[in-house]
Amino acid sequence: DYRYFPEPDLPAISIGEKFLEKIRRATPEVQGVRAARYVRDYHLNAQVAGELSRDEELSRFFEETAKTFGKPTEIANWVIGEFRGPVRSKLMGEAAPVTPAGLSELLAMLDGGDLTRPQAREVFREMVSTGRRPSELRKGRAGVPVDEDSIHKVISKLLSEGDAANEAKKNPKAFNYLIGQVLWREPGADPKVVAKTLARLLREK
C-alpha cells in the first residue's frame with residue numbers, strides 16, 4: 001500500500017477568493033468563453049460571435065466601440081466586413097488611423113440617416129487613408145455650390161459604371177440611389193437639378 005503523509009517542512013497554503021479572482025483577471029480569455037459572452041452580453045448570434053471572437057485585437061476594438069454606440073450587432077458586422085486584409089493591419093496599434101470613437105461616430109451618422117451605407121463605406125475608406133474623423137470629412141465636402149456642368153460629369157461617370165443606367169430606368173430605388181451618390185460626391189448640388197439632369201441623361205441613353 002502507498003501511504004501519503006503531510007510534509008512537515010511545507011506549511012499549509014490557504015488560497016482565498018481574492019487571489020483566485022486576481023488569477024482569473026490575469027488569464028487571457030479563451031475564444032470559446034469570449035464568444036459565449038458576446039452571445040450573452042451583446043446578443044450577437046452564435047456565428048457572428050464565433051467569427052469576431054477569434055481575433056483578440058478585433059474583439060477589443062469591438063468592445064471599445066460598443067461602449068459609445070449601442071448597437072453591437074451593427075458594430076460586429078462592420079468590423080467583420082470592413083476590417084480585412086491590409087485595412088486590418090493599418091487599424092491595429094497605437095497609431096491606428098481609425099479609433100473605436102471614430103467608428104462609433106461613423107455608425108451613429110449611418111444610424112441617424114446622415115449617410116447611406118455606401119456613403120459610410122466611402123467615408124470609412126477616407127478615414128483609413130487620412131486618419132480624420134467622419135464629421136470632419138463630411139463637413140469638408142459640404143457647402144460649396146456646384147454648377148450643372150459638374151453635376152453632368154458626375155452623373156455621366158456614374159452611369160458608365162456597370163449596369164447603373166438600365167437599373168435606374170426601371171427601378172425608382174436605383175434612380176434615387178444615384179441621386180444620393182451625386183449629392184455625396186457634390187454636397188453643394190441642388191437635388192432638384194440632380195434629379196432633372198439624371199432623368200434627361202437616362203432618356204438620352
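**Notebook: salt bridges, fold and selected residues**

**Entry 1. A pair between two helices.** I began with E82 and R121, whose side chains meet in a salt bridge with an N to O distance of 2.9 Å. E82 belongs to helix α5 (residues 72-82) and R121 to helix α8 (residues 117-130), so this pair ties together parts that are 39 residues apart in sequence. I looked up the exposure of R121 and found it partly exposed, at a relative accessible area of 32%. I record here that the model is predicted.

**Entry 2. Other salt bridges.** How many salt bridges does the structure hold? I noted 16. In general, side chains of opposite charge can pair when their charged atoms come close. I then looked up K157 and E161, whose side chains form a salt bridge at 3.0 Å, N to O. K157 is exposed, with 53% relative accessibility, whereas E161 is partly exposed at 38%. Elsewhere, E17, E21, R24 and R25 are joined into one network by salt bridges that share partners. Within that group I checked the side chains of R24 and E17, which meet in a salt bridge at 3.0 Å, N to O. R24 has 45% relative accessibility and counts as partly exposed.

**Entry 3. The chain as a whole.** I turned next to the secondary structure, which comes to 13 helices and zero strands. Is the chain spread out or compact, judged against the globule rule? Its radius of gyration is 26 Å, well over the 17 Å that the rule gives for 205 residues, so the chain is more spread out than a compact globule. I also noted the box filled by the C-alpha atoms, roughly 100 × 30 × 30 Å along the principal axes.

I looked up how the chain contacts itself. Of the contacts with a separation of 6 or more, 62% are between residues 24 or more positions apart. Buried residues make up 35% of the 205 residues. The accessible surface is about 13300 Å², and carbon and sulfur atoms account for 53% of that area. For the charges, I recorded 34 positive and 31 negative, with mean positions 5 Å apart.

**Entry 4. V79 in helix α5.** I returned to helix α5, where V79 lies. Is V79 buried or exposed? V79 is buried, at 0% relative accessibility; the cut-off for buried is under 20%. Setting aside residues up to four places away in sequence, V79 touches L52, L58 and L103. I also took the C-alpha distance from V79 to F61, which is 8.4 Å across 18 residues of sequence.

**Entry 5. V87 in helix α6.** V87 is in helix α6 (residues 85-91). At a relative accessible area of 25%, V87 counts as partly exposed. Which residues does V87 touch, not counting those up to four places away in sequence? I found E82, F124 and V128. E82 is thus a contact of V87 as well as the salt-bridge partner of R121. I added the C-alpha separation of V87 and R125, which is 8.9 Å for two residues 38 apart along the chain.

**Entry 6. Two buried charged residues.** I looked up R37, which lies in helix α2. R37 is buried, its relative accessible area being 17%. Beyond its neighbours within four places in sequence, R37 is in contact with E29, Y42 and E63.

I then looked up E105, found in helix α7 (residues 100-111). E105 counts as buried, at 17% relative accessibility. With neighbours within four places in sequence left aside, the contacts of E105 are R133, P134 and S135.

**Entry 7. H43 in a loop.** Where is H43 placed? I located H43 in the loop between α2 (31-42) and α3 (46-53). H43 has a phi near 60 degrees, a positive value in a residue other than glycine. Most residues other than glycine have a negative phi. I closed the entry with the exposure of H43: at 63% relative accessibility, H43 counts as exposed.

Definitions and conventions
Residues numbered from 1 in each chain as written. Predicted model: local features only at pLDDT ≥ 70, side-chain atom pairs only at ≥ 80, totals over all residues. Heavy atoms only, no water. Salt bridge = Lys/Arg side-chain N within 4 Å of Asp/Glu carboxyl O. Buried < 20%, exposed > 50% of the residue type's maximum accessible area, 1.4 Å probe, protein only. Helix = DSSP H or I, 4+ residues; strand = E, 2+ residues; numbered from the N terminus. Contact = heavy atoms within 4.5 Å. Rg over C-alpha atoms; globule rule 2.2 N^0.38 Å. Areas by Shrake-Rupley, 256 points an atom, 1.4 Å probe, with all protein chains shown as cover. Lys, Arg positive; Asp, Glu negative; His and termini not counted. Charge placed at Lys NZ, Arg CZ, Asp CG, Glu CD.
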